[in-house]
Amino acid sequence: MEIRDYSTGDEYKILELFTLVFKKEMSLDYWKWRFSDNPERMTMIKLMWDGDLLAGHYALFPVRLLIGDDLVLSGLSMTTMTHPKYFGKGIFPALAKALYDAQHRENQMVAVWGFPNANSHYGFIKNIQWRNIAAIPSFRIEAKKVRKVETFQTLPCKEFTAGHVEAYRKIASKFHIRVMKTEKYLSWRYLINPSNEYTLFSFTESSELEWFAVAKLFHSIDNKGYFEIDIVELCFPQDTHLLLDLFNAIIQHFSQFNLSYINCWMPLNDERHLATEKIGFILSQPVTYFGAKVLDERAHCMEEEKKWYFSMGDSDVY
């Protein structure tokens, strides 16, 4: 068997393996959007071949992180797949080592991080020596328990602006480690996403600053006939009145649906945690693993949970 880099045209074999392993399809449009047409225009994929048969696959998504004031390249761990005929043959650890070594050597990648699911968490920790950073609970409120306000000034918005980037900077820069999010990145992530539909909500404080949130509506898994809302980006300040303005705007916008819960992620040491807790948000299921593999000494601080700013939108699942 042989490990090779992705080459143009391999995506068709990759999509076939995805269907075989996960019993569902990944569209070609999604694959191109995530793996070749991403903001960095970098494709980070290692493949294990047994002749013409694709036996294994591992991919990273390039993410620019700010660690303090230093802008560094990291990798968000993405799809891991092994053909059923090759289970137990060490394909995933071999691909991970080859991919990590190559990206560290060629692109000065400092770390790989991500959100392994319950099926893969053991393998990441045991077989490729990832370190656990946190277990992230959902932070949620029943939609009917959101206190109503008479009027609200937060409105749906069609495009990201420099004012939104400034709002993200004000929120995220209070943490030592955060994803670098530009207008280009935010537009790519939410406005041209081929698989999910997102709604941008915005509150204009000034010409330079626009608080914003990005929401995704989906069918509730636990409450049939109901819908839930994930707030995948929450860039509003520690202000109960402004937060209630936002939540009321979201509920009004989706009022034609039976809403059960509004969900988000929020670091426990985020100063906005108490404000949202006062509104009625509580920690709940599901809980998501968060871990990393450090490749460069500059990134050892990534193993400390309290240094991270994260949101649902930093995961490829939401």
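**Pockets, helix packing and backbone details**

The residues lining the second largest pocket divide into 6 nonpolar, 3 polar and 3 charged. This pocket belongs to a predicted model, and its volume comes to about 250 Å³. On the charged side of the lining are Lys144, Lys148 and Glu150, while Asn248, Gln252 and Ser255 are polar. The nonpolar part is made up of Ala143, Val146, Val149, Phe152, Ile251 and Leu259. Helix H7, which spans residues 240-253, gives the most to this lining, with 3 residues.

Helix H7 also takes part in a helix pair, and it is worth following there. H7 and helix H8 (residues 272-279) pack with their axes 10 Å apart, at an angle of about 60°. The two helices are therefore oblique to each other, and H7 passes H8 in a right-handed crossing. On the H7 side the contact is made by Thr240, Leu243, Leu244 and Phe247; H8 answers with Ala275, Thr276, Lys278 and Ile279. Taken together, the residues of this contact divide into 5 nonpolar, 2 polar and 1 charged. The charged residue is Lys278 of H8, and the polar ones are Thr240 of H7 and Thr276 of H8.

A second helix pair is formed by H3 (residues 91-107) and H4 (residues 121-128). Their axes come within 10 Å and cross at roughly 70°. Because angles of 65 to 115 degrees count as roughly perpendicular, H3 is described as roughly perpendicular to H4. The crossing of H3 and H4 is right-handed. Phe92, Pro93, Ala96 and Tyr100 of H3 meet Gly123, Phe124, Asn127 and Ile128 of H4 in the contact. These residues divide into 6 nonpolar, 2 polar and no charged. The polar pair, Gly123 and Asn127, comes from H4, whereas the four contributed by H3 are nonpolar.

Attention now turns to enclosed space. The structure holds 1 cavity of 30 Å³ or more, with a volume of about 50 Å³. Its lining consists of Arg34, Phe61, Val63, Leu76, Trp113, Val179, Tyr185, Arg189, Gly313, Asp314, Ser315 and Asp316. The elements giving two or more residues to this lining are strand S3 (53-67) and helix H6 (183-191). From S3 come Phe61 and Val63, and from H6 come Tyr185 and Arg189. By class, the lining residues divide into 6 nonpolar, 2 polar and 4 charged. The charged residues are Arg34, Arg189, Asp314 and Asp316, with Gly313 and Ser315 as the polar ones.

Two backbone details complete the picture. Most residues other than glycine have a negative phi, and most peptide bonds are trans. Against that background, Lys23 has a phi near 60°, a positive value in a residue other than glycine. Lys23 lies in the loop between helix H1 (11-22) and helix H2 (28-36). The other detail is a cis peptide bond joining Gln285 and Pro286, with omega at about -5°. Pro286 has its place in strand S13, which covers residues 282-294.

Key: Residues numbered from 1 in each chain as written. Predicted model: local features only at pLDDT ≥ 70, side-chain atom pairs only at ≥ 80, totals over all residues. Heavy atoms only, no water. 1 Å grid on protein atoms, 1.4 Å probe; cavity = no way out; pocket = protein on both sides within 12 Å on 5 of 7 lines; lining within 4 Å. Points joined across faces, edges and corners; volume = space filled by probe spheres on them. Axes fitted to C-alpha atoms, helices over the stretch in contact; angles between N-to-C directions. Parallel < 35°, antiparallel > 145°, perpendicular 65-115°, else oblique. Left-handed = near helix turned anticlockwise from the far one by under 90°. Contact = heavy atoms within 4.5 Å.
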